[in-house]
Amino acid sequence: MKILGIESSCDETAASVVEDGRTVLSNVVASQVEEHKLYGGVVPEIASRRHAECISQVVKKALEEANTSLSEIDAIGVTHAPGLIGALLVGVNFAKGLAYASKKPLVPTHHLRSHIASNYISNKDLKPPFLCLVVSGGHSHIVLAESYTRMKIIGRTRDDAAGEAFDKAARTLGMSYPGGISMDIEAEKGDPFSFPLPRPVVQGAPYDFSFSGLKTAIINTIHNAEQRGTEFSKADICASFRWAVVDCLVTNFLKAAEDYKVNTLVIAGGVSANSLLRKRLTEECNKRGYKLFMPEKKYCGDNGAMVASQAYYEYLDGNIAPLSLNAVATLPIDYR
């Protein structure tokens, strides 16, 4: 079964053809990163306009690279939530028009569920149930995947997401967007124990995260040094901050796994490409005898393949949308 997946929730216009939820036949991504670097982050209006300009060509190219005609597609999956509302609307409306014209089923997909599904592409044997750490610029969740389409939130951030904290800390250091990638590269040259930073804890919620205070701590450290004219190593600051964020993520994730007695762990989302997060979780899971699954780095960011993969399982579960489908800026991953 071939699914065409369309993604436009933020600053990547993407389309992909995936067979049976696991085999990628094409994966085309038109990135806007270089343009948004000028502003230090994603400008929603610009993102929406760029989606509108290139979505038709991106979908056409995805079909061509898959050597598949639209008539051979069994269903069309599209990210309808959550994300930037203007950006989402471009993808949703294009998919609705395509589904109507081709008489194909329209399958709504949740952005975070799709990130989790990127693991089905990279790990052919992975099946629910499992515990997943979903970390990106806008989200930090610990999710129990009871099935391919039934999710339960175990923990979440109470304020900033991990990726957002990386981006803001990097901006303070004058590093280019996206900050998480820039800091990850710079951190490899630094000492992760050179700057003492807090490990915020949410009282009464041992699996929840709070990165706002940690972000403020690193920003204040940078500003205080600059105001005093004190020299500091950018690499050391990046390494210390990266270690602190990853430490929070790993600690809560492993505690949830222990308490819920789950030994199959999965990571997903843009921050799942972080080299230290991958290394720390690999080491800790090996110690505990847990199975750890990670997406290939090329599938960590937003892409159409993850949408098509999740759409396959949504379709099998009977989740077919009417042509009145609308985009939704905020929607929990455990919606039914």
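**Why these names? Talking through the strands and helices**

Author: Let's start with Lys103, in the loop that runs between helix 3 and strand 5. One thing to keep in mind throughout is that this is a predicted model.

Reader: What makes Lys103 stand out, although it is not a glycine?

Author: Its backbone does: phi of Lys103 is positive, about 60°. Asp20 is another residue with a positive phi, in this case about 55°. Asp20 belongs to the turn of a hairpin formed by strand 2 and strand 3, with 3 residues between the two strands.

Reader: How do you know that strand 2 and strand 3 pair?

Author: Two strands count as paired if there are at least two bridges between them. Strand 2 (residues 12–19) and strand 3 (residues 23–31) have 8 bridges, in the antiparallel sense, so they pass that cut-off. You can follow the pairing from either end: Glu19 has Thr23 of strand 3 as its bridge partner, while Glu12 is bridged to Ser31, also in strand 3.

Reader: Which sheet do strands 3 and 2 belong to, and what is its order?

Author: They are part of an open sheet of 5 strands, with the order 3-2-1-4-5 and mixed pairing.

Reader: Why are strand 3 and strand 5 called edge strands?

Author: Each of them pairs on one side only. Strand 5 covers residues 106–110. From one strand to the next, this sheet twists by 20° on average.

Reader: Which strands does helix 4 touch as it packs on the sheet?

Author: Helix 4 touches strand 1 (2–7), strand 3, strand 4 (75–81) and strand 5, and its direction makes about 95° with that of strand 5. Helix 10 packs on the sheet too, touching strands 1, 2, 3, 4 and 5. The direction of helix 10 makes about 125° with that of strand 1.

Reader: Why are helix 4 and helix 10 called roughly perpendicular?

Author: Helix 4 (residues 111–122) and helix 10 (residues 304–316) pack at about 95°, their axes being 7 Å apart. Roughly perpendicular covers 65 to 115 degrees, and the two helices are therefore described that way. Helix 4 contributes residues such as His111, Ser114 and Tyr120 to the contact, and those from helix 10 include Met306, Gln310 and Tyr313. By class, the contact residues are 7 nonpolar, 6 polar and 2 charged.

Reader: What makes helix 5 roughly antiparallel to helix 8?

Author: Again the angle: helix 5 (residues 162–172) and helix 8 (residues 234–260) pack at about 170°, with 11 Å between their axes. Angles over 145 degrees count as roughly antiparallel, which is why helix 5 gets that description relative to helix 8. Ala162, Ala165, Phe166 and Ala169 of helix 5 meet Phe241, Arg242, Val245 and Leu249 of helix 8. That set splits into 7 nonpolar, no polar and 1 charged.

Reader: What is the order of the open sheet with strands 8 and 10?

Author: This sheet of 5 strands runs 8-7-6-9-10, with mixed pairing. Strand 8 (151–156) and strand 10 (291–293) are the edges, each pairing on one side only. The twist here averages 25° from one strand to the next.

Reader: How do you know that strand 9 and strand 10 pair?

Author: At least two bridges are needed. Strand 9 (residues 264–268) and strand 10 share 3 bridges in the parallel sense, so the requirement is met. Thr264 stands opposite Lys291 of strand 10.

Reader: Where is Pro82, in terms of strand 4 and helix 3?

Author: Pro82 is in the loop between that strand and helix 3 (85–102). The peptide bond joining Ala81 and Pro82 is cis, with omega about -20°. There is also a cis bond from Tyr177 to Pro178, where omega is near -5°. Pro178 lies in the loop between helix 5 and helix 6 (179–187).

Reader: Which residues are closest to the centre of the second largest pocket?

Author: The pocket holds about 170 Å³ of space. Of its 15 lining residues, Pro200, Val201, Cys248, Thr251 and Asn252 are the closest to the centre. The lining as a whole has 8 nonpolar, 3 polar and 4 charged residues.

Methods:
Residues are numbered from 1 along each chain as its sequence is written. This is a predicted model: local features need pLDDT of at least 70, side-chain atom pairs count only at pLDDT 80 or more; totals for chains, interfaces and linings use all residues. Side-chain values use heavy atoms; hydrogens and water are left out. On a 1 Å grid over the protein atoms alone, a cavity is a set of points where a 1.4 Å probe fits but cannot get out, and a pocket is an open set with protein on both sides within 12 Å along at least five of seven lines; lining residues have an atom within 4 Å of a point. Grid points are joined across faces, edges and corners, and a volume is the space filled by probe spheres set on the points. Ala, Val, Leu, Ile, Met, Phe, Trp, Tyr, Cys and Pro count as nonpolar, Asp, Glu, Lys and Arg as charged, and the others, Gly among them, as polar. Axes are lines fitted to C-alpha atoms, for helices over the stretch in contact, and angles run from 0 to 180 degrees between N-to-C directions. Helices (H or I, at least four residues) and strands (E, at least two) are DSSP runs, numbered from the N terminus. Angles under 35 degrees count as roughly parallel, over 145 as roughly antiparallel, 65 to 115 as roughly perpendicular and the rest as oblique. Contact means heavy atoms within 4.5 Å.
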